[in-house]
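User: Could you take a close look at one buried loop residue for me and place it in its surroundings? I would like the cut-offs along the way.

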Amino acid sequence: GITNQAMTIDPSGNVGIGITNPSAKLQVKNAISTVYANVTPSISNSIIAISNTQTSETTNDQAQIQFGVNGGTYNRVGSIGLIAESASSRKAALVFATDDAGTRAEKMRITGDGSLGINCTPNANYKLDVNGDARIGGNRTSTSLLIEASDDDGAPSYTSIIKFKGYESRAQGIFFENSTYSGEEWFCGMNYSGSFNSWNIGYDQAGGQAEYLANTKLQLHYTG
């Protein structure tokens, strides 16, 4: 008989490695006593290791895992993979691709340097780079955002800043809105004026671009 069984295939087709009664099509079980040390573990400390080993180095070499959901009509596909960022270094990025019903393109990437890019393929230009709208908070009683530069080494030209960039000075600034009364908000910044030489504080009731200029209550004007 088998005294040291390493793999099981049961009558239903489930495969178990390290387990004799698998409950899924593939179930892998192991006991690893080495704790996580904030670095990629060795192969011997990994439950599963997937490698794409080539005979030469090429940028964008990949090791991917693909997921699929198909109910008979729509073949939905997504993937998670490791991508070689360079043919001349060990740098590699973790990429996530989803199915948006139009393409199965990459939607998020964590670069080898630790930058996170969302919808900004191929690379993030900042530690957090989001191409699109973003939200902080939700159904909470309070939400906060902390921007901090605590390193006191050297004399940088700036430490913590918020920078706004937009087209033709079209309502660049901060808007304060009462969530109970939709559309009523205070704003401060450059309103829809077509110029960059004024800073405004005002009130907008309808949310239209014209009101950003018409309802200005205080304006600081730069004449040069």
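Analyst: Happy to; here is Thr-111, followed by the sheet and the protein around it. This is a predicted model, in which local features need pLDDT of at least 70 and side-chain atom pairs count only at pLDDT 80 or more, while totals for chains, interfaces and linings use all residues. Residues are numbered from 1 along each chain as its sequence is written, and side-chain values use heavy atoms, with hydrogens and water left out.

Thr-111 sits in the loop between β7 (106-110) and β8 (116-118); strands are DSSP runs of E with at least two residues, and helices are runs of H or I with at least four, numbered from the N terminus. Thr-111 counts as buried because its relative accessibility is 10%, where buried means under 20% relative accessible area, exposed over 50% and partly exposed in between, with a 1.4 Å probe and protein chains only. Leaving aside residues up to four places away in sequence, Thr-111 touches Glu-85, Ala-92, Ala-93, Asn-123 and Ala-124, a contact being heavy atoms within 4.5 Å.

Strand β6 (residues 92-97) pairs with β7 in the antiparallel sense over four bridges; pairing requires that DSSP finds at least two bridges between two strands. Within this pair, Val-95 has Arg-109 of β7 as its bridge partner. Both strands belong to an open sheet of six strands, ordered β4-β5-β6-β7-β8-β9 with mixed pairing. Its edge strands, β4 (62-70) and β9 (128-130), each pair on one side only.

Stepping back, the protein has one helix and 13 strands, and buried residues make up 18% of its 224 residues.
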